[in-house]
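Hi,

Here's the structure I promised to send over. Have a look at it first, and then read on for what turned up.

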Amino acid sequence: MKIAILISGRGSNMERLIEAAAAPDYPAEIVTVISNRPDASGLQTAARAGIPAKAIDHKAFDSRAAFDAALEQALEEADVDLVCHAGFMRILTDEFAARWEGRMVNIHPSLLPSFKGIRVQQQAIDAGATISGCTVHYIIPALDSGPIISQAAVPVLADDTADTLSARILEAEHVLYPAAVKMIASGDVKLEDGKVVRSQNAKRADTECPPLFSPAP
Ligand code: GRF
């Protein structure tokens, strides 16, 4: 399976996906990394790892549809099967999301459907949540609302700030995303009629993966 990773910033999740895909038995290959921001440091990281990486600057386009058309063309040129958003801070048109339904996923730093949008770690703290985490989900037009593929939970500690909670969640993201993408690429998870369908293999992987990470020291 050929994968494109979309980023807007440092790309630490992208880096974990690139590392995982470098293993000979990983069922997917990262064929391109695209950022909507030319200054995203993740672009250099990807290039250093030998992955074709480029910016498609959204500011150079006068409409969302025009940006999406340029993105679509880049994905077609790279013959992409699956698009992984990894800190990609750009809302795509409903048409784009519909065209890639079942072939485009995201990682979000909360246990969806709680805490959608931005600053979600602060949202969790403000709500008094004692558990948060991260979610890998299929992308649908409605923001942060697509069918859930996989989740990992972390505790929210009494003295957490958005930064300390983000760091704990990010550690879980780095484990969860490569594992979830592996399940998709090996055909153990797919989207059918808007619902996530799992094979017996995927169900086993879910039960073997500890859902609650230990508190940070
Ligand atoms: C991650 O927390 C991800 O869940 C969110 O944006 C952050 C990106 O971090 N969507 P990185 O660029 O992967 O380091």
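Which loop does Pro-113 lie in? Pro-113 is in the one between β5 and α5 (120–127). Keep in mind that this is a predicted model. I'd stop at that loop for a moment, as the peptide bond from Leu-112 to Pro-113 is modelled as cis, with omega near 10°. Phe-115 is found in the loop between β5 and α5 too, and it has a positive phi of about 60° despite not being a glycine.

Another non-glycine with a positive phi is Asp-144, at about 55°. You'll find Asp-144 in the loop between β6 (131–138) and β7 (148–155).

Now the ligand. It sits in the largest pocket, with Arg-10, Gly-11, Ser-12, Asn-13, Gly-87, Ile-107, His-108, Pro-109 and Glu-173 around it. By class, that shell has two nonpolar, five polar and two charged residues. Domain 1 (1–100) and domain 2 (108–217) each contribute at least three residues to the shell, while α1 (12–21) and β5 (104–108) each supply at least two.

As for polar contacts, a side-chain N or O atom of Arg-10 is 2.5 Å from an oxygen atom of the ligand. Glu-173 has a polar side-chain atom 2.7 Å from a ligand oxygen, and with Gly-11 a backbone N or O atom lies 2.9 Å from an oxygen atom of the ligand. Taken alone, the ligand exposes 360 Å², and the protein buries 85% of that.

Shout if you'd like to go through any of it together.

Cheers

Terms used. Residues numbered from 1 in each chain as written. Predicted model: local features only at pLDDT ≥ 70, side-chain atom pairs only at ≥ 80, totals over all residues. Heavy atoms only, no water. Near = heavy atom within 4 Å. Polar contact = N/O pair within 3.5 Å; in protein donor to acceptor, adjacent residues only side chain to side chain. Areas by Shrake-Rupley, 256 points an atom, 1.4 Å probe, with all protein chains shown as cover. 1 Å grid on protein atoms, 1.4 Å probe; cavity = no way out; pocket = protein on both sides within 12 Å on 5 of 7 lines; lining within 4 Å. Sits in = over half its atoms within 2 Å of the grid points. Helix = DSSP H or I, 4+ residues; strand = E, 2+ residues; numbered from the N terminus. Nonpolar A, V, L, I, M, F, W, Y, C, P; charged D, E, K, R; others polar. Domains from an automatic or database assignment.
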